[in-house]
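Here is a short tour for anyone who likes to read a fold from its parts. Keep the viewer open and follow along, heading by heading.

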Amino acid sequence: MTMNAVTMELLTRTRYAGSGANRDTTSAPGCLVRIYPAAGLGQVLTLTEKSILIGRDPAAQLSIDDDSVSRRHARIDQHASGHIVTDLGSTNGTYVSEARVTTQILAAGDRIRFGQQIFNYLSASSIEAQYHESVYRMMITDGLTQTRNRRFLMESLERELIRADRRKSPVCVLMMDLDRFKSVNDNWGHLAGDAVLVAFVQRTLSLLQGDDILARYGGEEFALMLPDTPGGEACLLAESIRRTIEHAPVQFDSHEIPVTVSIGVAEFQGNNIRDADDLLAVADQMLYVAKQSGRNQIRFQESRK
C-alpha cells in the first residue's frame, strides 16, 4: 500500500468516525493502525466487536500470517473506559509501548506489538486527530525503531545544506551499519534482530543533541545528520557511538548478543558537494572502507574544493 493510499484510507475512515452522518467522535469505536512492517503499513482494524482474537489462526478477527505470531496470540476486549489487551500465552509475547504485558488497559497512542507486527492503538475519544497524527508519523518515522525515515532525512538534509552554504557553516553526515547483522537474525531470529535495531537507536539517541537527526536509511543501516558540526567533532561523536555499541551487548530473552558498528563520516563546508545525495555518497564510501578494513571502526573523508 502506498503512502497516498494509506492517507486516503485513514482520511476516509476519519470522516466515517467523525463528522459524517452526524456521528460524534466520542461514540466512534477505537481501532488499530498497522505501522510495521512496511508490507501492511496503514491497514486499519476498527474495534467494533466486544472481543477480538489476534493470531495466526485464519478464524481470528485479526488474522496475521507471520511465524512470529502465535496461532492464538492475544485478545482485545471492550472495557468501560476503552479496551484491554490480554496475551494468550504466546511464544513471543505481547508488548505495549515496549513493555511485555499479560493484561493491559490501552491508552491512546499505545504501540502494541504481536511478534514482529506493530500497531498503534487509537481510542474512541479524539479519534480524528489521532488518525491525522498517525498519517503524519507514518510519513516521517520508521515504524520499528521510531526514529526518522529516509524520506525525512533527505528532505531535512537538502534544506540544511542550503542553509549551511549560505552561512558557510559545516554539516556532517555519519553512515552507520551494524556489523554482521545477518548472523544475528540467523542465530537468534528476526525478533532478536529487531531488538538489536531498537537498542542501537536508543543508545545512539542518548548521545545526540537537539538538532541532530538520526534516520533509518534501510535495513540495518542508519544515517545521522549533524548541523553546524565540523569533521573533528563528528568523528569524536562517531567514536562515542562505536564504543557505546561495542561495550553494551543487547539482552534479548536469555541471550546476550554482541553488537558492533562501522561508521563512515563525511563533511560539507562550502565544498564541491552539490546536494544531499553527494554528501551521503561520500559517507557511504567511507563506510565501505571501514567495512573492508575490518569493521567496528570509523573512516572520515572531507570533500573540500
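## Overall make-up

The secondary structure of this protein comes to seven helices and 19 strands. Please keep in mind that the model is predicted. Of the 305 residues in the protein, 53% are buried. Among contacts with a separation of 6 or more, 58% are between residues 24 or more positions apart.

## The six-stranded sheet

Let us begin with an open sheet of six strands, which follow the order β2-β1-β11-β10-β7-β8 with antiparallel pairing. At its edges stand β2 (44-46) and β8 (99-101); each has a single partner strand, so one side of each is left without a neighbour in the sheet. From one strand to the next, the twist averages 30°.

It is worth following the pairings one by one. Strand β1 (residues 31-36) runs antiparallel to β11, and five bridges pair the two; here C31 is found opposite L122 in β11. β10 and β11 are also antiparallel and are joined by four bridges, with R111 standing opposite N120 in β11. These two strands form a hairpin with two residues between them, and in that hairpin G115 adopts a positive phi near 60°. On the way to the β8 edge, strand β7 (residues 94-96) is joined to strand β10 (residues 111-114) by three bridges in the antiparallel sense, and V96 faces I112 in β10.

## Strand β11, inside and out

How many of the six residues of strand β11 are buried? Six of the six residues in this strand (residues 117-122) are buried, so β11 is largely enclosed by the rest of the structure.

In a regular strand, side chains alternate between the two faces of the sheet. For β11, Q117, F119 and Y121 point one way, while I118, N120 and L122 point the other way, and all are buried. Two of the names are already familiar from the pairings: N120 is the residue opposite R111, and L122 is the residue opposite C31.

## The five-stranded sheet

A second stop is an open sheet of five strands, in the order β4-β3-β5-β6-β9, where the pairing is mixed. β4 (62-63) and β9 (103-105) are its edge strands, and each of them pairs on one side only.

At the β9 edge, strand β6 (residues 82-87) pairs with β9 over three bridges, in the antiparallel sense. A handy landmark in this pairing is T86, which stands opposite T103 in β9.

## Helix α3

Does the length of this helix fit its residue count, and what should it span? At 1.5 Å a residue, the 18 residues of helix α3 (residues 150-167) should span 26 Å, and the 25 Å between its end C-alpha atoms agrees with that.

Several residues of α3 are buried: F152, L153, M154, S156, L157, E160, L161, R163 and A164. Just after the helix, K168 takes a positive phi of about 60°.

## Helices α4 and α5

Next come helix α4 (residues 181-188) and helix α5 (residues 190-205), whose axes come within 6 Å and cross at roughly 140°. The two helices are therefore oblique to each other.

Which residues make the contact between α4 and α5? From α4 come F181, V184, N185 and W188, and they meet H190, A192, G193, V196 and L197 in α5. By type, the residues of this contact divide into six nonpolar, three polar and no charged.

## Two loop residues

Is D142 buried or exposed? D142 lies in the loop between α2 (127-140) and β12 (148-149), and it is buried, with a relative accessible area of 12%. Leaving aside residues up to four places away in sequence, D142 touches T147, R148, N149 and R216. Its C-alpha atom is 9.9 Å from that of F152, a residue 10 places apart along the chain; F152 is also among the buried residues of α3.

Q209 sits in the loop between α5 and β14 (213-218). With a relative accessible area of 64%, Q209 is exposed. The C-alpha atoms of Q209 and L226 are separated by 8.9 Å, and the two residues are 17 apart along the chain.

Key
Residues numbered from 1 in each chain as written. Predicted model: local features only at pLDDT ≥ 70, side-chain atom pairs only at ≥ 80, totals over all residues. Heavy atoms only, no water. Axes fitted to C-alpha atoms, helices over the stretch in contact; angles between N-to-C directions. Parallel < 35°, antiparallel > 145°, perpendicular 65-115°, else oblique. Contact = heavy atoms within 4.5 Å. Nonpolar A, V, L, I, M, F, W, Y, C, P; charged D, E, K, R; others polar. Expected span 1.5 Å × (residues − 1). Buried < 20%, exposed > 50% of the residue type's maximum accessible area, 1.4 Å probe, protein only. Pairing = 2+ DSSP bridges.
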